[in-house]
Protein chains: 2
Amino acid sequence: METILIVEDDKTISMGLDYFLRQEGYNVLLADSFGETKKLINKNIDLVLLDLGLPDASGFDVFKYIKEIKDIPIIFLTAVDTEVNIVLGLDMGADDYITKPFKARELLSRIKKALRKDGKNNNNIIKIDNIEIDIKQAKVLKNGKDVMLTSLEYKILLILATNPNVVLTREQILSDIWDVNECFVNDNTLTVYIKRLREKIEDDKDSPKIIQTVRGIGYKIEI
Amino acid sequence: METILIVEDDKTISMGLDYFLRQEGYNVLLADSFGETKKLINKNIDLVLLDLGLPDASGFDVFKYIKEIKDIPIIFLTAVDTEVNIVLGLDMGADDYITKPFKARELLSRIKKALRKDGKNNNNIIKIDNIEIDIKQAKVLKNGKDVMLTSLEYKILLILATNPNVVLTREQILSDIWDVNECFVNDNTLTVYIKRLREKIEDDKDSPKIIQTVRGIGYKIEI
DNA sequence: ATTCATTTTCAAAAGTTTATAATATAGTAT
DNA sequence: ATACTATATTATAAACTTTTGAAAATGAAT
């Protein structure tokens, strides 16, 4: 089980995240200040969620401090656009950032992405039925044979596959693939991709076993 | 490991650079004034990033001072265009300059270029998959065997390889190879080179593993 | 200087991928 | 059964990449 350290002084946010991440099967540690962070940093932590606006130190210092001690992924929680600009402009090496208010599901997906990249804590091959997804090589095999997916098809499959047994709404998938700030993409575009994905990976595209439709909500993959 | 001295009074910038460059595997020394610089200059330094707007001296004086003591590459960090003009106009002998705000990645690429030119330092072999690039000899090996690349093919490969895991836009690559002031080169020229490079270095040119296309943006090499 | 081979550049054609619109089908509620 | 809504399908347009081939430039060898 992976452990996430949340460094955040706003209790409303940290408590909410705490609950949510525990639900999702993570260990959670909470720090509301730089001081607290120092006390906890030597625990076995796999990822840090770091609020940039702490009371007793600049998020930046906390970031440096953590990275000096441990090489673990850090995701910034930023309050305002100017902060985002700083993060981006300096290219500090944050593994990712997310602007408040954020959707828990979106954060979760970023956490998973960061942990996946970090390597050590995961097997890089997801198996669903007769399909294998090799995350490192970005390759998909069906019955051991290469399936050629376009980059978007692959992304959609990956999002579903890394959130197994969870129904993802169209909006969740859309917002995960077409970056939030990008122009809005036609909702039907997703439907079309799902169709093409099914043509490529399902044995019988007319009764899909891998990507299941959950009417009124979205899609899911069951393992 | 190479050491970079950052001479910069703006903490936001110097701290960010400090972190970023350490991440990239450099030793970093920080000086926020001419005085500090004098104290540090006798350390073993391979390159200097020099802010032109110091509080206690003109950047030019610092520049002259450093170059008298050590013949190491100096890259100017300039705040405004007028400063750029001065740098160019005086032809002071800066190895390069970069205007704030700059992208860390761009700076990194210039640092590498400057250090490479400088010769003595740097690890000279980049490995990607079954490809080895020997920078000193400007040689490329595939499975230990020589691959003959033309000079432009080599340059393109090198730019991508020295910026691994970063998507470089066509424009970035073009402007890096065909000096900015030169006549504009047809955008497709790059595409053609990428194709030929792939023919030479990829195992299967139809599903390239080394040079990856990022649709709508450019190309990248992942390590 | 001329020839020949190689490298570089360009333009057009062919091939892919992505986005959208229009239409058809299937599921749900009344 | 009917109307309504959500999803699936099909077709197509637009954007982007790759491929091809040929012209121009370069450079080495005679």
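Which residue stands opposite Leu168(A) in S12(A)? In the predicted model described here, that position is taken by Tyr219(A), and the pairing belongs to a small set of strands whose arrangement in chain A is considered below, before the helices that accompany it and the surfaces near the two DNA strands.

The secondary structure of chain A comprises eight helices and twelve strands. Of the 223 residues in this chain, 27% are buried, and among its contacts between residues at least 6 apart in sequence, 52% connect residues that are at least 24 apart.

Three strands of chain A make up an open sheet in the order S10-S12-S11, paired in the antiparallel sense. At its edges stand strand S10 (168-169) and strand S11 (211-214) of chain A, and because each has a single partner strand, one side of each is left without a neighbour in the sheet. Between S10(A) and strand S12 (residues 218-221) of chain A, the antiparallel pairing extends over two bridges, and it is in this pairing that Leu168(A) lies opposite Tyr219(A). Helix H6(A) packs on the sheet and touches S10, S11 and S12 of chain A, with a direction that makes about 70° with that of S12(A). Pairing of this kind, whether parallel or antiparallel, is made through backbone hydrogen bonds between the strands of a sheet.

Chain B also holds an open sheet formed by three strands, in the order S10-S12-S11 and with antiparallel pairing. Strand S10 (168-169) and strand S11 (211-214) of chain B are its edge strands, each of which pairs on one side only. S10(B) is joined to strand S12 (residues 218-221) of chain B by two bridges, the two strands running antiparallel, and within this pairing Thr169(B) has Gly218(B) as its bridge partner in S12(B). The sheet is packed upon by H6(B), which touches S10, S11 and S12 of chain B and whose direction makes about 70° with that of S12(B).

In chain A, helix H6 is also engaged with a second helix. The axes of H6(A) and H8(A) come within 10 Å and cross at roughly 90°, so that H6(A) is roughly perpendicular to H8(A). On the side of H6(A), the contact is made by Leu152(A), Glu153(A), Ile156(A) and Leu157(A), whereas H8(A) contributes Tyr193(A), Arg196(A) and Leu197(A). Classified by type, the residues of this contact are five nonpolar, no polar and two charged.

The helices H6 and H8 appear again where the protein faces DNA strand C. This strand is surrounded by 21 residues, of which the closest are Thr150(A), Asn186(A), Thr189(A), Thr150(B) and Asn186(B). Two or more residues of the surface near DNA strand C are given by each of helix H6 (151-161) and helix H8 (187-201) of chain A, and likewise by helix H6 (151-161) and helix H8 (187-201) of chain B. The residues of this surface near DNA strand C divide into seven nonpolar, ten polar and four charged.

Around DNA strand D there are 21 residues, and those that come nearest are Lys195(A), Thr213(A), Thr191(B), Lys195(B) and Thr213(B). At least two residues of the surface near DNA strand D are supplied by H8 of chain A, and at least two by H8 of chain B. By class, the surface near DNA strand D contains six nonpolar, eight polar and seven charged residues.

Individual backbone positions were also examined. Asp129(A), although not a glycine, has a positive phi of about 60°, and its place is in the loop between strand S6 (125-128) and strand S7 (131-134) of chain A. Asp129(A) counts as partly exposed because it has 15 C-beta neighbours inside 10 Å. In chain B, Asn143(B), which is likewise not a glycine, has a positive phi of about 50° and is found in the loop between strand S8 (139-142) and strand S9 (145-147) of that chain. With 10 other C-beta atoms within 10 Å, Asn143(B) is exposed.

Gly35(B) lies in helix H2 (residues 34-40) of chain B and, with 13 other C-beta atoms within 10 Å, is partly exposed. The C-alpha atom of Gly35(B) is separated by 9.7 Å from that of Val62(B), a residue 27 positions away along the chain.

Technical notes. Residues are numbered from 1 along each chain as its sequence is written. Chains are lettered from A and ligands numbered from 1 in the order in which they are written. This is a predicted model: local features need pLDDT of at least 70, side-chain atom pairs count only at pLDDT 80 or more; totals for chains, interfaces and linings use all residues. A residue is near a molecule or strand if its C-beta atom, placed from the backbone, lies within 6 Å of it. Helices (H or I, at least four residues) and strands (E, at least two) are DSSP runs, numbered from the N terminus. Ala, Val, Leu, Ile, Met, Phe, Trp, Tyr, Cys and Pro count as nonpolar, Asp, Glu, Lys and Arg as charged, and the others, Gly among them, as polar. Two strands pair if DSSP finds at least two bridges between them. Two residues are in contact if their C-beta atoms, placed from the backbone, lie within 7 Å. Axes are lines fitted to C-alpha atoms, for helices over the stretch in contact, and angles run from 0 to 180 degrees between N-to-C directions. A residue is buried if 20 or more other C-beta atoms lie within 10 Å of its own, exposed if 12 or fewer, and partly exposed in between; C-beta atoms are placed from the backbone. Angles under 35 degrees count as roughly parallel, over 145 as roughly antiparallel, 65 to 115 as roughly perpendicular and the rest as oblique.
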